[in-house]
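Dear colleague,

I am passing on a structure that I would like you to look through at your own pace. Please open it first, and then read the notes below beside it.

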Amino acid sequence: MGQAYAVTAEFYDLLQAAEQLGVTERLLDRWLGRPEVGVLDVGAGTGLATARLAARCAVLVHAVEPAAGMRAVLLSRLAGQPDLLARVRVHARGVQELGLRDVADFGWCLNTMAGLDAADRAGALAALAEALVPGGRLVVQRPPAEAADSRRDLPSWRLGGDLYTGEVTTVRTGPRGVRWRFDYRVSRDGALVREASEVFDGHLASEPEFDAELAAAGFTAVAADTPGIVIARRR
Ligand SMILES: C[S@@+](CC[C@H](N)C(=O)[O-])C[C@H]1O[C@@H](n2cnc3c(N)ncnc32)[C@H](O)[C@@H]1O
């Protein structure tokens, strides 16, 4: 995990924040409620949701993020804001090694399960169940059930006249595996200034498989939302 997101951390917010924040605000409006124990943000990334959770809640937000590059952006997002700094605690490790018990009544895990294989998903869900109090609510995005070979552009942005673009290429690597290649490019006056790439391996799981994993970890699925969101209750 050490170098993971080392390239992507620079470009994530610029190219993906607008879309991620739209989804985040809509889901929080509907599912956050009013946590009274604490909040978990698992796979917190650059802290887009972490900052929104801390702004909306009076309780401590536990941000779980193993990749140093993503944590650096997360910390920069909080820097200089004493009200947010007081309410976010960062855990610099994978959720499987979280080791927290009964610290939260709301858990949030978006765009993260897709990167974990079945054994790591089981470990992640078990750690989430342990960290949530009985009755706690989990909002989690499923791993993809399917993936076809494809290519798509991320939204592009101009920065001082330079054009920042991103392209995602999806390739199936086997019956259960998928690989996403992110190519980032900076161009000026139509000429390439620099480019960088990062590859992520993903793992597919059908809806019944992921529902069974949730149940095995001690969760009951109670509702669904988009994109691929399950709302589950800690038994
Ligand atoms: C695609 S990013 C999504 C970030 C954020 N949730 C969002 O939606 O903007 C996935 C994040 O999950 C983190 N991650 C990967 N494996 C993890 C694990 N085992 N436990 C916790 N976080 C993990 C990565 O480092 C990365 O920052």
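Before we come to a bridge partner, it helps to know that two strands are said to pair if DSSP finds at least two bridges between them, and that strands are DSSP runs of E with at least two residues, numbered from the N terminus. Please keep in mind throughout that this is a predicted model.

With that in hand, start at Gly-177, whose bridge partner in β10 is His-203. This pair belongs to an antiparallel arrangement in which strand β9 (residues 177–188) is joined to strand β10 (residues 191–203) by twelve bridges. The hairpin that these strands form has two residues between them, and there Asp-189 takes a positive phi near 50 degrees. As you follow either strand, remember that in a regular strand the side chains alternate between the two faces of the sheet.

The next thing to look at is how the protein is divided: domain 1 covers 8–144 + 206–234, while domain 2 covers 150–203. The C-alpha centres of domain 1 and domain 2 lie 25 Å apart, and the contact takes 15 residues from domain 1 and 19 residues from domain 2. About 1400 Å² is buried between domain 1 and domain 2, with carbon and sulfur atoms giving 58% of that area. Of the area that domain 1 buries against domain 2, 42% is supplied by Phe-11, Leu-14 and Leu-15, which is more than any other three residues supply.

Polar and charged groups also take part, for there are two salt bridges between domain 1 and domain 2, and six residue pairs are in polar contact across the interface. On the side of domain 1 that touches domain 2, helix α1 (residues 8–31) gives the largest share, namely seven residues, and the residues of that side divide into eight nonpolar, three polar and four charged. When you look for salt bridges in the model, you will find that the side chains of Glu-209 and Arg-176 meet in one, at 3.1 Å from N to O.

Finally, two details of the backbone deserve a careful look. The peptide bond from Thr-226 to Pro-227 is cis, with omega near 0 degrees, and Pro-227 has its place in the loop between β11 (219–225) and β12 (229–234). Tyr-5, which is found in the segment before α1, has a positive phi of about 70 degrees although it is not a glycine.

With best wishes

Conventions. Residues are numbered from 1 along each chain as its sequence is written. This is a predicted model: local features need pLDDT of at least 70, side-chain atom pairs count only at pLDDT 80 or more; totals for chains, interfaces and linings use all residues. Side-chain values use heavy atoms; hydrogens and water are left out. Helices (H or I, at least four residues) and strands (E, at least two) are DSSP runs, numbered from the N terminus. Domain bounds come from an automatic or database domain assignment. Contact means heavy atoms within 4.5 Å. Buried area is the accessible area (1.4 Å probe) that two parts lose on being put together, summed over both. A salt bridge is a side-chain nitrogen of Lys or Arg within 4 Å of a carboxyl oxygen of Asp or Glu. A polar contact is a pair of N or O atoms within 3.5 Å; within protein, one must be able to donate a hydrogen and the other to accept it, and residues adjacent in sequence count only if both atoms are side-chain atoms. Ala, Val, Leu, Ile, Met, Phe, Trp, Tyr, Cys and Pro count as nonpolar, Asp, Glu, Lys and Arg as charged, and the others, Gly among them, as polar.
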